[in-house]
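Q: I've got a new structure open and I'd like to learn how to read it. Could you walk me through it, one feature at a time?

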Amino acid sequence: MKRLKLQFSVVRTCYVFVFWLGSPQTLQAQTAQGQLTSSLAKVAMAPAIVDAVQYVSQEGSDSSNGLSWGTAVADIITAYNHLLSCTIPALNVHQTFRHCGVISIGAGTYTISSTIDFTSPMLTVRGAGRGVTILQSALSTGCVIDWTSDPFNSGQASTKGGGLFDLTILGTSTPSTCGVKTHDITGWESNVAIQGFVGPGGIGWWNEAIELFNERFSIPGMEIANNTTDVLFQNANPSSLATFGYGNLTLWLNADAGQTAMALEGYSPSAGLLLDNEVVSIHINLGSTGTCGTLTNAAIMQVQGVVHCEQSGGSGQTGFTTDSTSYLQVSGDYFSLGPDSTTHGNPTNITTTQLLSGASYTSWELYGGSRAIIGAQNPGTATGSTNLDSPSLDLTGKCFHASASQPRAWLFQDVESSGTDANSALVINPSSVCGGNVNVELGPGVGLRFQPSSGRGNLSFGLAAGSYTLFPKINFPALSGTAALSGSPNGISAKTLKLSAGTATFTFGTPYSSAPVCSIGPSTVGNTYKVVVTTSSAAVISSSGTDTSTIGVICLPPVN
């Protein structure tokens, strides 16, 4: 009769219970020879496929299994090929991805002479740190890493989780090379550093939609510097809009001479690019002649957070620029050293700061002690020949015209003349296709006060070139109606006169069409005065031929 005997063996800290049905003598023999322990090792608990780890080391060998640092492989693609497939539930179906798990790359510099192609969203590649794990490009074309999802992952949480972390990718001056290219994948993550792709067409991070979309990325902090273009978002699909967004994006960018920090490119005006519903923290430093960013071919960037572009040295920098089909809108904090430029929008398609927005009603409340300030400042620098106008404040309502609702905008702007100590004007300009009178009105009990400084301060009416029969009217509303004062071409004329030998003449700058009505102010001298008025002058005559008093004269246009 065979006896049942229970044997305990410890394998990698896992307790395995074995029921032996053979003879005791055979059990003892196999245990002594190590045969049973070897067999038990094969049934030790294996990790889940997505948790499998392959190790890459400069001291490794591609003939090793890559399961530990002691058995590390030497090549990243070898480690990738060792990883098994995994099947993940998504959108009520199961998606199978080849090569799932983790590739851990040790310290050292690894020369990359051909593109590393990854096709799995369930892959994590992690170095030992940005400063110690270096991928050095030796490419003649293409990107160091090309990462996509095959099949395309749905963007559900279950098919996200891969990315590139804790290493640096270095480029060269070879044309048309890049550090990392991502395309047709969702949920990708990274915090790597990329620099040195300085040849024509060189790109740090190239994020491209070829057939589908790239959304829900989580970028906790990529440092990308000294590339011909640091970051390129691009639509390569000629037949549809490409969408990027619904995630978070933290970037530190540096563009040196002639380089561009960010570029967003649609395929065409009818197949554009949309980066929206994205929380961003983008910080850009520019060297001489660097550019903050460009948006072309219906590229639209509508983001929340911080976009900050500043000068780190040199001169000749350019801010964000857009073509006539593109625009940039930042809800939060936007700073550009300028000059920003655009050919589209009213007054511009670069929205500097949008704090709050609502479909029907928005309330802003500012608490600042004795004062609260909303500011809009031109970030550039005036020169001896060029002064800078302020940004425009745009207040837009709706009017009805041509059987449709139309916008009517009021634009407020400080407009500077050229030269040193130039004139400045607050320009209030309505803009609309709607007709009707356009008025600036002050409510009941509201006064308009002028405080001249050093003799300056004028109330003037400007007219376009041409012939006018009447000067613009000054209306004084009354309960019984309106008394309108007008002149042609003058309005109200006033001057202080110093009499000489009892007389003085006030000559009008432009003659009135008919003689105005003039009054004179009192004098401290006890003489009598009269004023003789023509269309071109007002002469004050004293009863004393030796009078040298100072007399004030004011003339009003004739009443219509």
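Q: Let's start small: with which side chain does the side chain of Gln234 make a polar contact?
A: A polar contact is a pair of N or O atoms within 3.5 Å; within protein, one must be able to donate a hydrogen and the other to accept it, and residues adjacent in sequence count only if both atoms are side-chain atoms. Here the side chain of Gln234 meets that of Glu265, at 2.9 Å. Before we go on, bear in mind that this is a predicted model, where local features need pLDDT of at least 70 and side-chain atom pairs count only at pLDDT 80 or more, while totals for chains, interfaces and linings use all residues. Residues are numbered from 1 along each chain as its sequence is written, and side-chain values use heavy atoms, with hydrogens and water left out.

Q: Where is Gln234 placed, and is Gln234 buried or exposed?
A: Strands (E, at least two residues) and helices (H or I, at least four) are DSSP runs, numbered from the N terminus. Gln234 belongs to strand β20, residues 229-235. For burial, look at relative accessible area with a 1.4 Å probe, protein chains only: under 20% is buried, over 50% is exposed, and in between is partly exposed. Gln234 has 16%, so call it buried.

Q: Which residues does Gln234 touch?
A: Contact means heavy atoms within 4.5 Å. Leaving out residues up to four places away in sequence, Gln234 touches Trp206, Asn207, Glu208, Ala209, Phe244, Glu265 and Leu273.

Q: How many helices and strands does the chain have, and what share of its residues is buried?
A: You'll find 3 helices and 40 strands. Of the 560 residues, 38% are buried. Contacts add to the picture: of those between residues at least 6 apart in sequence, 66% join residues at least 24 apart.

Q: How many salt bridges are there?
A: Look for a side-chain nitrogen of Lys or Arg within 4 Å of a carboxyl oxygen of Asp or Glu. That rule gives 4 salt bridges. One of them pairs Arg98 with Asp150, with the closest N and O atoms 3.4 Å apart. Arg98 sits in the loop between β5 and β6 and Asp150 in the loop between β11 and β12, so this pair ties together parts 52 residues apart in sequence.

Q: Which parts does the salt bridge of Arg126 and Asp166 tie together?
A: Their side chains meet at 3.2 Å, N to O. Arg126 is in strand β9 and Asp166 in the loop between β12 and β13, so the parts joined are 40 residues apart in sequence. Arg126 is partly exposed at 35%, and Asp166 is partly exposed at 22%.

Q: What about Glu223 and Arg130: how far apart are their closest N and O atoms?
A: They are 2.9 Å apart in this salt bridge. Glu223 lies in strand β19 and Arg130 in the loop between β9 and β10, 93 residues apart.

Q: How do I read a sheet, say the one with the order β35-β40-β37?
A: Strands of a sheet pair through backbone hydrogen bonds, either parallel or antiparallel. Two strands count as paired if DSSP finds at least two bridges between them. This sheet is open, with 3 strands and antiparallel pairing. β35 and β37 each have a single partner strand, so one side of each is left without a neighbour in the sheet.

Q: How many bridges join β37 and β40?
A: There are 4, in the antiparallel sense. As an example, Val517 has Leu556 in β40 as its bridge partner.
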